[in-house]
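Reader: I have the model open. How should I read its pockets, cores and backbone features?

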Amino acid sequence: MAIFIFVCWRILFSDCDLILQLAEKFGKSPASLAGKVVWITGASSGIGEFTAYELAKAGCRLVLSARRKEELERVKSQCLVSGKVKDDDVLVLPLDMLKTDTHAAAVETVLQHFSKIDILFSNAGRSHRGMFESTSLDVDREMFELTVFGNMSLIKATLPSMKERKEGHIFVMSSAAGKLGAPASSPYTGAKHALQGYCDCLRMELIQYNIDVSVVCPGPVHSNLLQYSFTEKSGEFYGKAWSKDENRMTTSRCAELIGIMMANKLGEGWISPQPILALMYFNQYLPWPFQRVFTRMGMKAVAKMRDGDAKEAKEK
Ligand SMILES: NC(=O)c1ccc[n+]([C@@H]2O[C@H](COP(=O)([O-])OP(=O)(O)OC[C@H]3O[C@@H](n4cnc5c(N)ncnc54)[C@H](OP(=O)(O)O)[C@@H]3O)[C@@H](O)[C@H]2O)c1
């Protein structure tokens, strides 16, 4: 009984899942990754940017990728100031996840610079705000091109060098929306679920090559994600930012937990403020009652819980 109460308490009053809590307390720290070559996509802002700072502090050598080169240079400068890295340890490599025909050449550039890739953190992404029915099918396709096929393309291009070395770690950014339905974000939810499925298969296929596959599922975290979200119409950005006092995890705390996941090679990690973390457990272990309760809570309440944006979600 005491153990049950302790576990419930850890689920209800923590910001990450139980295994990650244990890894934080008793496992390896990100400092154990010193010297590793880590390629981060989506490194120009948000979670990717702060993960770069966390890993630079640990002494990792970094490849920073995204489309905006000037933002990547800014992140590199900050890594040099606050981390244990020198100029040659941080490679800025502009990359568009949608231009899959450039991915093999990008891998070559990284290998020429560092001669290996220890960890690929495939993190770049965009969210979505809009209702399922009024979202254009073009938006659904664009979301899948970025979240699913962009990631799969870069992973496929990276794997041969990891297989040759019989060593590597594919670390993929999913979301709490990769585990449960997030209303007013159906293409995002669908694409992150697809990513989870790919990674679950990949983990089994790659074990024989000593390559690990991890998937991280954060709940709400402060970043620029909402601003650059897809809307119901193709070619649009949502354009609004989250307010600073919302119930979202700080970007630096999320990056810290990602560093711990990487160091301990955890297969899947849940990182979230409450009550989303508790809802993830509820959904995983009690799916039928969860669906009854969650569905009945209604669109407005759930959207509000996600980002305080219920009004816009309803009006759209
Ligand atoms: N923030 C959250 O609450 C939250 C929760 C769960 C999961 N996530 C996931 O975390 C990841 C990072 O998002 P974030 O929250 O840090 O948001 P963010 O601050 O908007 O960062 C998104 C990053 O993705 C890059 N990106 C977007 N489209 C790209 C493309 N076509 N090619 C290459 N890079 C591209 C952006 O760089 P450029 O614009 O310079 O290309 C940027 O660096 C996403 O996959 C998101 O789904 C976020």
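Author: Start with the pocket. On a 1 Å grid over the protein atoms alone, a cavity is a set of points where a 1.4 Å probe fits but cannot get out, while a pocket is an open set with protein on both sides within 12 Å along at least five of seven lines. Lining residues have an atom within 4 Å of a point. Grid points are joined across faces, edges and corners, and a volume is the space filled by probe spheres set on the points. This is a predicted model: local features need pLDDT of at least 70, side-chain atom pairs count only at pLDDT 80 or more, and totals for chains, interfaces and linings use all residues. Residues are numbered from 1 along each chain as its sequence is written, and side-chain values use heavy atoms, without hydrogens and water.

Reader: What volume does the second largest pocket have, and how many residues line it?

Author: Its volume is about 250 Å³. The second largest pocket has 15 lining residues; His222, Ser223, Asn224, Lys244 and Thr251 lie nearest its centre.

Reader: Which nonpolar residues sit at the heart of the largest core, by contacts with other members?

Author: In soluble globular proteins, nonpolar side chains tend to be buried together. A nonpolar core is a set of buried Ala, Val, Leu, Ile, Met, Phe, Trp, Tyr and Cys residues joined through side-chain atoms within 4.5 Å. Buried means under 20% relative accessible area, exposed over 50%, partly exposed in between (1.4 Å probe, protein chains only). Here the largest core has 50 residues, and Trp39, Val63, Ile155 and Ile170 touch the most other members. Helix H6 gives the largest share of this core, nine residues. Helices (H or I, at least four residues) and strands (E, at least two) are DSSP runs, numbered from the N terminus.

Reader: Is serine 153, in helix H6, buried or exposed?

Author: Serine 153 counts as buried because its relative accessibility is 17%. Its side chain makes a polar contact of 2.7 Å with that of histidine 103. A polar contact is a pair of N or O atoms within 3.5 Å; within protein, one must be able to donate a hydrogen and the other to accept it, and residues adjacent in sequence count only if both atoms are side-chain atoms.

Reader: Where is the cis peptide bond?

Author: From glutamine 274 to proline 275, with omega near 5 degrees. Proline 275 lies in the loop between strand S7 and H9.
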